[in-house]
Amino acid sequence: MTDIEAPLKPADEATATDRHHGPQTAPENPSHGALPALTPLAAAALLAACGGGGDGGGGNTPEAPPVVGIVDFPTSGFAHPDATSDAEAARFLQQAQFSSTPTEITELRGMSYAQWLANQFANYRGSTGWNWLEARGYGAVDSNSYFFNHYPADFMIWNQLLAGPDMMRKRIALALSEFFVTSLSSAEFTWRAHAYASWWDTLMRNAFGSYRQLLEDVTLHPAMGYFLNTKGNQKENSSGRVPDENYAREVMQLFTIGVYKLNLDGSVQTVGGVPQETYGQDDVTGLARVFTGYDFDRSDGVRHTVPGQSYTIESRAFARKPMSFNANRHSMLEARFLGTTVPANTDGATALRMALDTLFNHPNAAPFFARQMIQRLVTSDPSPAYVARVAARFNDNGAGERGDLKAVWVAILLDDEARGPATLQSNTFGKLREPMLRFVQWARSFGVTSAAGSWKLFELNNAGTQLGQSPLRAPSVFNYFRPGYVPPGTALSASGATAPEFQLVNETSVGGYLNFMQSVIERGLNCPNPAVPQAAWNNYAYDITANYTRELALVADAQALVNHVCLVLAADQISAATRTVMVNALNATPVTTASSQTVKLRRVWAAILMVMGSAEYLIQK
């Protein structure tokens with residue numbers, strides 16, 4: 001039985017995203033590109049509506065001890081080699097990973113930025129997404145039909161992001177998932193959850209490796225093969241069939257070189273004021289021939305009997321193997337693209353190598369990738385000079401190697417524009433924090449755990465009641481937002497400044513985010529029957545919850561509590577005026593050491609929500 005013949009997913013799976021939202025309140029108007037600072041009245045209202053800080057993420061998998069990395073990459077030329085304050089440390093951590101807890105800040109301040117990065121590069125200690133699914137029993141062939149469901153992959157990716165070690169590696173893998181986009185939402189083949197666990201593991205494995213190897217692994221991965229039609233793609237025939245061009249077009253447009261020729265600094269090359277295109281239809285047609293002959297590797301021939309059903313199901317092994325090649329389905333015609341010619345009758349492996357080498361070595365590859373990774377980690381509209389410096393490291397890591405991703409991350413994170421104080425004062429530098437990153441930061445900052453170890457959190461794409469964004473669930477190959485998006489009708493549009501994340505912002509999404517975060521900050525996540533791995537729509541419990549122990553210790557001193565939350569969540573980038581508003585709002589309801597636990601918690605919840613709803617937090621610098 002093929003995946004095309006597989007039964008559809010259970011109908012109740014589609015209702016999963018409607019079971020996690022909090023109460024509704026009126027949205028605010030985001031028309032000018034950022035939320036306004038909270039007024040005293042608004043802050044007090046938030047406090048009334050509301051009704052401690054652990055480090056790490058509550059992983060349930062034993063971790064190997066960390067190792068000390070070797071700084072084997074160039075570190076000269078960076079003006080700020082280490083953090084001279086807690087705020088500087090927090091700023092770096094919030095760009096490089098998901099959180100900046102007091103423990104993480106202290107650890108970073110005990111070493112240089114370079115040594116911290118070397119430590120991250122040297123460690124990969126957590127469980128893989130695939131192994132997590134297996135440990136939770138999602139590889140079983142039984143009446144739960146995990147092989148037809150998406151939700152185990154949602155549980156897997158939330159566990160990966162909210163818990164466990166390797167936080168920088170996970171932050172980079174998430175950024176890569178928004179560049180090399182596939183989407184679980186449109187995956188309708190057997191063992192789809194396992195395929196997306198393997199996809200995540202592929203990004204994790206390659207996060208600190210070679211861009212060229214990553215490009216090849218992405219191209220041959222079954223998740224990408226299904227998403228962009230390389231799977232089952234066949235050569236031309238006498239009946240008029242031609243190779244599918246989807247992947248050939250997108251691998252150029254979105255994954256490697258982009259639409260227009262670029263200078264090293266990311267600026268578009270023009271002739272007579274006309275942008276110069278990187279490729280045309282003939283290039284797409286020629287390149288498409290290379291990507292023929294591939295399909296899922298089901299060569300093991302294993303079939304499993306499904307209890308109570310008349311059909312069998314194939315082994316899940318194909319979901320993490322590169323797609324297999326069938327020479328009989330591969331085009332043997334000459335293929336010309338981007339100045340490269342693959343001669344007629346070239347074997348498939350050689351043709352693929354030539355194609356990927358051409359894309360990898362294209363002069364656009366460095367600035368195209370560099371600019372988007374700067375956008376994901378540091379600032380939405382990087383200066384041409386910043387892009388050029390990072391692109392230069394992509395082209396040569398200092399030892400003559402091209403495409404060394406470690407060198408790219410070092411160049412992005414240690415650049416003077418990322419580390420220096422001048423950009424903190426700029427009103428054009430920084431980025432809107434993505435909703436899912438705000439949520440992950442909250443979880444990591446306040447020690448969120450799953451009591452049952454099940455992490456039964458579904459997709460959160462509903463903008464009106466949730467985040468309007470969910471990892472590995474982009475609505476199209478263009479991700480949730482385009483890198484060149486300029487918010488219309490704003491000051492940014494007048495200057496043409498890009499701000500991709502603002503493509504998610506509207507009245508509905510602003511209100512949905514605030515309501516959702518108010519609910520989860522207070523109560524955590526309400527999960528269906530956390531004791532069992534299947535969806536099981538009964539016995540709901542708040543299984544995924546935060547630990548506010550550290551914050552409760554500060555609760556009697558509103559100023560100390562606000563200062564702590566501002567450091568941990570916003571790297572101290574909350575103004576004194578806004579802090580005064582927050583402190584006054586908290587002090588409107590007096591709290592002493594003798595107050596009840598509920599009263600104390602309300603003050604903690606209010607402090608966190610006020611920070612996470614403020615414009616100065618939402619714009620990360």
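Guide: Before we start: a residue is called buried when its relative accessible area is under 20%. Also, keep in mind that this is a predicted model.

Visitor: Got it. So how many residues of helix 7 are buried?

Guide: Helix 7 runs over residues 167-177, and 11 of its 11 residues are buried, so "mostly covered" is the label it gets.

Visitor: Which residues are buried in helix 7?

Guide: The buried ones include the charged-looking stretch you may spot by eye, R169, K170 and R171. M167, M168, I172, A173, L174, A175, L176 and S177 are buried too.

Visitor: OK, switching to helix packing. How do people describe two packed helices?

Guide: With the angle between their axes and the distance between the axes.

Visitor: Then at what angle do the axes of helix 6 and helix 18 cross?

Guide: At roughly 60°, and the axes come within 9 Å. Helix 6 covers residues 151-162, while helix 18 covers residues 435-445. The two helices are therefore oblique to each other.

Visitor: Which residues make the contact?

Guide: On helix 6, W158, Q160, L161 and L162. Helix 18 brings F439, V440, A443 and R444.

Visitor: And what's that contact by class?

Guide: Six nonpolar residues, one polar and one charged.

Visitor: New topic, cysteines. How many disulfides does the structure hold?

Guide: Zero.

Visitor: Is C527 buried or exposed?

Guide: Buried: C527 has 0% relative accessibility. C566 is buried as well, with a relative accessible area of 0%.

Visitor: Let's look at T490. Where does that one lie?

Guide: T490 is in the loop between strand 10 (449-450) and helix 19 (491-495).

Visitor: A loop residue, fine. Buried or exposed, and why?

Guide: T490 counts as buried because its relative accessibility is 11%, and the cut-off for buried is under 20%.

Visitor: What does the side chain of T490 reach?

Guide: The backbone oxygen of P487, at 2.8 Å.

Visitor: Last one, A89. Where does A89 lie?

Guide: In helix 2, which spans residues 86-96. A89 is buried, with a relative accessible area of 0%.

Visitor: What does A89 touch, leaving out residues up to four places away in sequence?

Guide: A89 touches A83, I105, L108 and R109.

Visitor: And what separates the C-alpha atoms of A89 and T106?

Guide: A distance of 8.4 Å, with the two residues 17 apart along the chain.

Conventions:
Residues are numbered from 1 along each chain as its sequence is written. This is a predicted model: local features need pLDDT of at least 70, side-chain atom pairs count only at pLDDT 80 or more; totals for chains, interfaces and linings use all residues. Side-chain values use heavy atoms; hydrogens and water are left out. Axes are lines fitted to C-alpha atoms, for helices over the stretch in contact, and angles run from 0 to 180 degrees between N-to-C directions. Helices (H or I, at least four residues) and strands (E, at least two) are DSSP runs, numbered from the N terminus. Angles under 35 degrees count as roughly parallel, over 145 as roughly antiparallel, 65 to 115 as roughly perpendicular and the rest as oblique. Contact means heavy atoms within 4.5 Å. Buried means under 20% relative accessible area, exposed over 50%, partly exposed in between (1.4 Å probe, protein chains only). A disulfide is a pair of cysteine sulfur atoms within 2.5 Å. A polar contact is a pair of N or O atoms within 3.5 Å; within protein, one must be able to donate a hydrogen and the other to accept it, and residues adjacent in sequence count only if both atoms are side-chain atoms.
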